[in-house]
Amino acid sequence: FYHFFHKEKHMDNELKQDFTRRLSQCNQGGMIVIIYDIFFAYIDDAKKAWENSEREEFKTAIRNVQRTLDELMQALDMSYEIARTLYPLYVYCKELFAKTLYENRLERFEEAESIMKKLYSSFVKVAE
C-alpha cells in the first residue's frame with residue numbers, strides 16, 4: 001500500500017511521510033484506520049479541486065479515492081460477517097464516486113463521504 005500513495009503527486013510530502021511512519025508502527029486494525037485517513041486526504045484534495053474548478057485534478061482525486069476504496073476492500077477478511085457487510089458498502093460508495101464524475105455534481109460525493117465517515121468512526125473506536 002505504501003507504493004500506492006507514495007507515487008501520488010498531489011498529496012503533500014509531509015503527509016506522505018506521516019502516513020509512512022504510522023504504517024510502519026501499526027497493527028492490522030491501525031492500518032485500516034490509516035487507509036481511511038489516506039482516503040479522507042484524497043477527499044480533501046477532491047474538494048479543493050472542485051472549489052477551484054480544477055476539473056482534471058478533481059478527476060485525479062476521485063480516482064485516488066476509488067483506489068483507496070479498493071485497498072479497503074482488499075484488506076477485508078471475508079471469513080468475518082462484518083467484512084461481508086462492509087464490502088457492498090464500499091462498492092456502493094465507489095459507484096457513487098463514479099457517478100459524481102459522470103454527473104459532474106457533488107450530491108453523490110457527499111453521500112459517499114457521509115457513509116465513509118460513519119464507518120471510519122467505528123474503525124477508530126475498534127482500533128483503540
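Begin by selecting Ala 49, which at 2% relative accessibility counts as buried in this predicted model. Ala 49 is found in helix H3, and, leaving aside its neighbours within four places in sequence, Ala 49 is in contact with Glu 54, Glu 57 and Phe 58. Add Lys 59 to the selection: Ala 49 and Lys 59 are 10 residues apart in sequence, and their C-alpha atoms are 8.8 Å apart in space.

Stay with Lys 59 for a moment and show its side chain together with that of Glu 56, since the two form a salt bridge in which the closest N and O atoms are 3.3 Å apart. Both Lys 59 and Glu 56 lie in helix H4, three residues apart, which is about one turn of the helix. Lys 59 is partly exposed, with a relative accessible area of 21%.

Next, select the whole of helix H4, residues 55–74. How far apart are the end C-alpha atoms of H4? They are 29 Å apart, which agrees with the 28 Å that its 20 residues should span at 1.5 Å a residue. Colour the buried residues of this helix, which are Phe 58, Ala 61, Ile 62, Asn 64, Val 65, Gln 66, Thr 68, Leu 69, Leu 72 and Met 73.

Among these, pick out Gln 66, which has its place in helix H4 and counts as buried at 13% relative accessibility. Not counting residues up to four places away in sequence, Gln 66 touches Lys 94, Phe 97 and Ala 98.

Follow that contact to Phe 97 and display what surrounds this residue. With residues up to four places away in sequence again left out, Phe 97 touches Phe 39, Ile 43, Ile 62, Val 65, Gln 66, Leu 69, Phe 109, Ala 112 and Glu 113. Phe 97 is also one of the residues with the most contacts inside the largest nonpolar core, a set of 32 residues, and the others named for this are Tyr 36, Phe 39, Leu 69, Leu 72, Tyr 90 and Met 116. Which elements give two or more residues to this core? They are H3, H4, helix H5 (81–103) and H6, and the largest share, 11 residues, comes from H3.

Now turn to the aromatic rings, and select Tyr 36, Phe 39, Phe 40, Trp 50, Phe 58, Tyr 90, Phe 97, Phe 109 and Tyr 120, which form one aromatic cluster. The count of aromatic pairs comes to eight. Zoom in on Phe 40 and Tyr 120, whose ring centres are 5.4 Å apart and whose planes stand at 75°; an angle over 60 degrees counts as edge-to-face, so this pair is edge-to-face. This pair links distant parts of the chain, with Phe 40 in helix H3 (residues 28–51) and Tyr 120 in helix H6 (residues 107–127), 80 residues apart. Are these two residues buried or partly exposed? Phe 40 counts as buried at 14% relative accessibility, whereas Tyr 120 is partly exposed, with a relative accessible area of 24%.

From there, move to Phe 58 and Phe 109, an aromatic pair that is tilted, with 6.4 Å from centre to centre and 40° between the planes. This pair, too, links distant parts of the chain, since Phe 58 is in helix H4 and Phe 109 in helix H6, 51 residues apart. Both Phe 58 and Phe 109 are buried.

The last stops are charged pairs, and a search of the whole structure finds eight salt bridges. Select Glu 113, already met as a contact of Phe 97, together with Lys 47, with which Glu 113 forms a salt bridge whose closest N and O atoms are 2.7 Å apart. Glu 113 lies in helix H6 and Lys 47 in helix H3, so the pair ties together parts that are 66 residues apart in sequence. Glu 113 is buried, with a relative accessible area of 7%, while Lys 47 is partly exposed at 28%.

Finally, show Arg 105 and Glu 103, whose side chains meet in a salt bridge at 3.9 Å, N to O. Arg 105 is partly exposed, with a relative accessible area of 43%, and Glu 103 is partly exposed as well, at 29%. Extend the selection to Glu 107 and Arg 108, because salt bridges that share partners join Glu 103, Arg 105, Glu 107 and Arg 108 into one network.

Key:
Residues numbered from 1 in each chain as written. Predicted model: local features only at pLDDT ≥ 70, side-chain atom pairs only at ≥ 80, totals over all residues. Heavy atoms only, no water. Phe/Tyr/Trp six-rings, centres within 6.5 Å; stacked < 30°, edge-to-face > 60°. Helix = DSSP H or I, 4+ residues; strand = E, 2+ residues; numbered from the N terminus. Buried < 20%, exposed > 50% of the residue type's maximum accessible area, 1.4 Å probe, protein only. Contact = heavy atoms within 4.5 Å. Core = buried A, V, L, I, M, F, W, Y, C linked by side-chain atoms within 4.5 Å. Expected span 1.5 Å × (residues − 1). Salt bridge = Lys/Arg side-chain N within 4 Å of Asp/Glu carboxyl O.
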